[in-house]
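Q: I would like a close look at one part of this model, with the backbone oddities elsewhere added at the end. Please keep it brisk.

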Amino acid sequence: MSDRRYERIWREAEKELVQVVKDDKEYVDEDVIEDRQRAYRDASLNYIRYSMCANKLNICLDQMVHVDKRATIRTLLEATLSRLLQVKRELVNQDVSDFNYIDGALVDLKLTPYDVEIQVPRFYRRERAAKIQQVNTDIDRILEELATPSPTEDAEEGETPKEVDDKDEGKEKEEPMNKPGPNPKWPSLFKKVELTESEKIFKATILLIQRHERARVARLNTHKLKEKQRIQHEIAWQIFKPIPEDVQERSVILIQRFWRGYALRHKQLHHLTEGRLLMGELTPSWRPHDEEDYAREVEEERYLKTLAADEEHARDMVVLKEKVLRGDQDVKDAIADHLRWYIEDWYRKIGELPEFPEPTLVPEPEELLGFPKDTPSEFIKRLETKVTAVPTSKILVPGLPPGMIGGSAIIVANFWIAPALYELAHTAARLAKGKGGNKNQKKEKLNKQQLKELKEEEKEKKRLQKEAEQKELEEKLKRGAVPTPTDLLEPFDRHLIESSFKWKDYEDLEWNPTQRHRQDLPHISMTHERHLELREVVDELMRLEIEKLQAALDRDRGKKTKGDKKKKKRPRGKKGKKDPTADRTTESLFKELVENGIIKKTQDVSIDTFFCQPSWNSYDLRRDPWWQNPPPNLWDVKQVVKEYCILPLGSATVHRSAPLVRSVLLAGYPDCGKRTLVDAVVAETGSVLFDLSPTNTAGKYPGKKGLNMLVHLVTKMSRILQPSVIFLDGGEKPFYKKVPKTEKDDNPKLLKKQLPKMVKAVTPDDQVLFLATAENPWMGQANSLIRASRPLTGIPS
């Protein structure tokens with residue numbers, strides 16, 4: 001468990017990811033795969049390889065000390081998990097089932113299901129441990145304050161708490177010491193505890209076992225007592241006949257012979273087993289836990305080292321930031337001087353002031369911008385071949401990262417047209433436009449009816465285009481499997497290139513044994529980010545200078561300036577919904593939900609404590625035409641809960657990139673592990689638990705206004721405290737076909753209309769999951785239940 005070992009694991013995972021991404025691109029680029037079995041096998045292989053790489057990166061991220069290496073590994077891990085969940089959706093679409101059996105690919109790779117089981121990233125829980133601990137502490141404090149009455153409640157109007165205590169002491173002195181009955185000031189030591197139905201059944205079962213065990217012991221003791229009394233009676237009346245000595249001797253010899261043979265055979269078997277254990281032919285059924293305990297201690301020590309390294313890195317970043325900020329003025333002057341030289345050079349060559357790129361403009365690779373209007377497209381394509389590559393020193397990685405360029409940075413990166421090419425493009429545009437064109441010709445204004453017809457035509461075109469695309473997709477699906485396109489592979493490839501660019505030839509294990517963070521990378525990245533920020537400021541100043549220069553140039557030429565034109569009024573935006581709790585603090589909203597029992601403490605449950613075995617015959621049953629949908633076992637349910645609930649919810653990056661899962665319904669028999677899985681999801685992701693079960697919300701927010709307030713509070717606080725899990729125990733109850741008489745007082749259909757709207761409002765940026773459990777899902781309306789909670793996962797008994 002050394003730095004060298006984790007370095008090797010990281011390199012192996014990164015090398016495997018390069019090959020996986022390459023194969024995955026070839027799979028996605030295929031238009032139609034006519035052989036459906038080959039398509040499923042390729043997707044299964046990608047799923048297996050991604051999951052194994054994710055497990056390796058998870059170990060390295062948790063145990064490596066180097067801060068910069070861990071940042072790179074985390075980026076790769078989140079990209080791997082995002083693509084892994086997309087491949088899972090691909091398998092679901094091909095199987096038309098949430099449970100996929102990839103035993104065929106496992107056999108080809110000589111692996112077992114345990115080798116490819118996805119491990120929950122450890123940073124999910126560890127990063128939010130302090131936050132969850134603080135939330136639980138606040139919940140305990142609020143509940144304690146709620147349970148403990150304040151001393152001013154017992155005080156009469158105008159009396160201080162001290163006077164109330166003196167008054168109580170006087171009453172105690174007046175009361176006689178031998179007065180019967182308990183003292184009302186003493187707390188009740190024996191309170192009657194109300195048991196739930198499951199607790200009553202459990203208690204009755206324990207009592208039944210105890211009664212039977214006591215009866216068995218009593219019968220055994222009675223039998224021994226009767227036998228002893230019989231022998232004593234026979235001896236007293238001289239009826240007892242002792243066993244002859246020769247019979248006793250033969251019996252002893254017979255017993256000894258059998259015992260010695262058994263002991264010898266047992267000894268020989270013991271020696272044979274020890275020899276086979278030494279040679280490795282057998283696996284011991286039990287082994288001491290000393291090695292495992294020592295390994296856990298070493299892992300915990302390395303994790304503490306990572307925390308210390310993070311603290312040191314944070315301190316150094318503060319110092320480095322101050323150092324970078326000192327050179328702001330020099331950077332501004334250098335950027336401004338370069339842009340003024342560019343404007344002067346453009347005016348000297350063209351005779352006009354240049355257009356300035358917008359800050360939101362992000363070019364594609366090998367794209368040239370800044371062409372004059374009416375430039376022929378053929379001319380533009382011919383000139384785009386002259387675009388030079390962006391220097392790696394400016395953007396740290398080869399290629400063009402989206403969102404990292406705009407404004408004057410486009411000019412510096414050679415994505416803006418040069419003056420000489422602009423003059424040629426201007427001449428081409430003038431020739432293409434023609435000399436006989438009427439420049440003063442104005443466009444005819446359309447009336448309302450014409451605008452309406454134009455909109456309807458565009459709408460009809462879009463509808464026809466959508467129908468054509470859907471028809472084309474249906475035709476492809478008839479021919480074979482159609483891979484789902486993805487936007488994650490290009491960023492994934494860029495992350496791998498960036499990692500190789502930073503760490504390919506960086507071997508620091510010999511000269512950096514403490515694995516201290518690098519000094520060059522933070523300085524380059526921070527300087528680059530600061531340059532971009534300052535460039536935006538300078539760009540605004542340059543735009544103002546260009547406007548003033550253009551106005552002065554127009555005055556010299558006798559033209560009207562742009563400032564003479566009337567400013568257009570900005571259209572008013574749509575008014576959003578008012579926030580009824582805008583004047584309240586987050587602490588007060590949190591306290592209200594805790595006091596009403598909506599926010600609850602999380603239970604520390606690990607998903608690994610949900611012990612189960614994979615199904616070894618489901619793969620064959622799925623291929624059997626008479627049994628194409630085998631029932632899932634606990635292993636399948638555990639995997640689906642990881643893929644649909646834990647992995648997307650634990651990381652904001654994965655949640656934005658992976659297929660969006662808004663809600664999940666766990667259906668199963670009573671006491672089959674549904675609540676254990678819910679607690680595991682909450683604990684593994686470090687989420688805050690909101691309980692909207694019908695039995696929990698009954699009578700707490702009455703009326704329509706109360707219901708709207710409840711929905712608003714849960715929606716608002718779940719986004720503030722994200723990641724959040726909104727839990728419903730009895731997910732079918734809001735959609736009952738007919739409410740049972742015993743549950744009418746709880747008003748289970750309170751959230752029937754609001755729940756689908758709340759689920760639909762979850763976006764990829766919201767780390768919120770609606771998690772429901774159900775024992776009788778058939779009692780709810782199927783359409784409403786599926787619309788509010790999908791997919792449905794059945795837990796076997």
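What follows is one connected answer, from the helix packing to a single residue and then to the unusual backbone spots.

A: This is a predicted model. Start with the packing at the beginning of the chain. Two packed helices are described by the angle between their axes and the distance between the axes. Here the pair is helix 1, residues 3-29, and helix 2, residues 36-63. Their axes lie 9 Å apart and meet at an angle of about 155 degrees. Angles over 145 degrees count as roughly antiparallel, so helix 1 is roughly antiparallel to helix 2. The two helices cross with a left-handed sense. Sorted by class, the residues in their contact are 15 nonpolar, three polar and seven charged.

Now take Thr80. This residue belongs to helix 3, which covers residues 67-95. Its relative accessibility is 0%. The cut-off for buried is under 20%, so Thr80 counts as buried. What does Thr80 touch, once neighbours within four places in sequence are left aside? Its contacts are Leu17, Tyr50, Ala54, Leu57 and Phe492. Leu17 falls within residues 3-29, the span of helix 1. Tyr50, Ala54 and Leu57 fall within residues 36-63, the span of helix 2. Thr80 in helix 3 therefore touches residues of both packed helices. Leu57 deserves a second look. Along the chain, Leu57 and Thr80 are 23 residues apart. Their C-alpha atoms are separated by 9.3 Å.

Next, the backbone. Most residues other than glycine have a negative phi, and most peptide bonds are trans. Three spots depart from this pattern.

Lys110 is one of them. It is not a glycine, yet its phi is positive, about 60 degrees. Lys110 sits in the loop between helix 4 (103-109) and helix 5 (122-127). With a relative accessible area of 76%, Lys110 is exposed.

Asp671 is another non-glycine residue with a positive phi, again about 60 degrees. Its loop runs between strand 2 (663-668) and helix 23 (674-685). Asp671 is exposed too, with a relative accessible area of 74%. The cut-off for exposed is over 50%.

The remaining spot is a peptide bond. Gln722 and Pro723 are joined in cis, with omega at about 5 degrees. Pro723 lies in the loop between helix 25 (703-720) and strand 4 (724-729).

Key: Residues numbered from 1 in each chain as written. Predicted model: local features only at pLDDT ≥ 70, side-chain atom pairs only at ≥ 80, totals over all residues. Heavy atoms only, no water. Axes fitted to C-alpha atoms, helices over the stretch in contact; angles between N-to-C directions. Helix = DSSP H or I, 4+ residues; strand = E, 2+ residues; numbered from the N terminus. Parallel < 35°, antiparallel > 145°, perpendicular 65-115°, else oblique. Left-handed = near helix turned anticlockwise from the far one by under 90°. Nonpolar A, V, L, I, M, F, W, Y, C, P; charged D, E, K, R; others polar. Buried < 20%, exposed > 50% of the residue type's maximum accessible area, 1.4 Å probe, protein only. Contact = heavy atoms within 4.5 Å.
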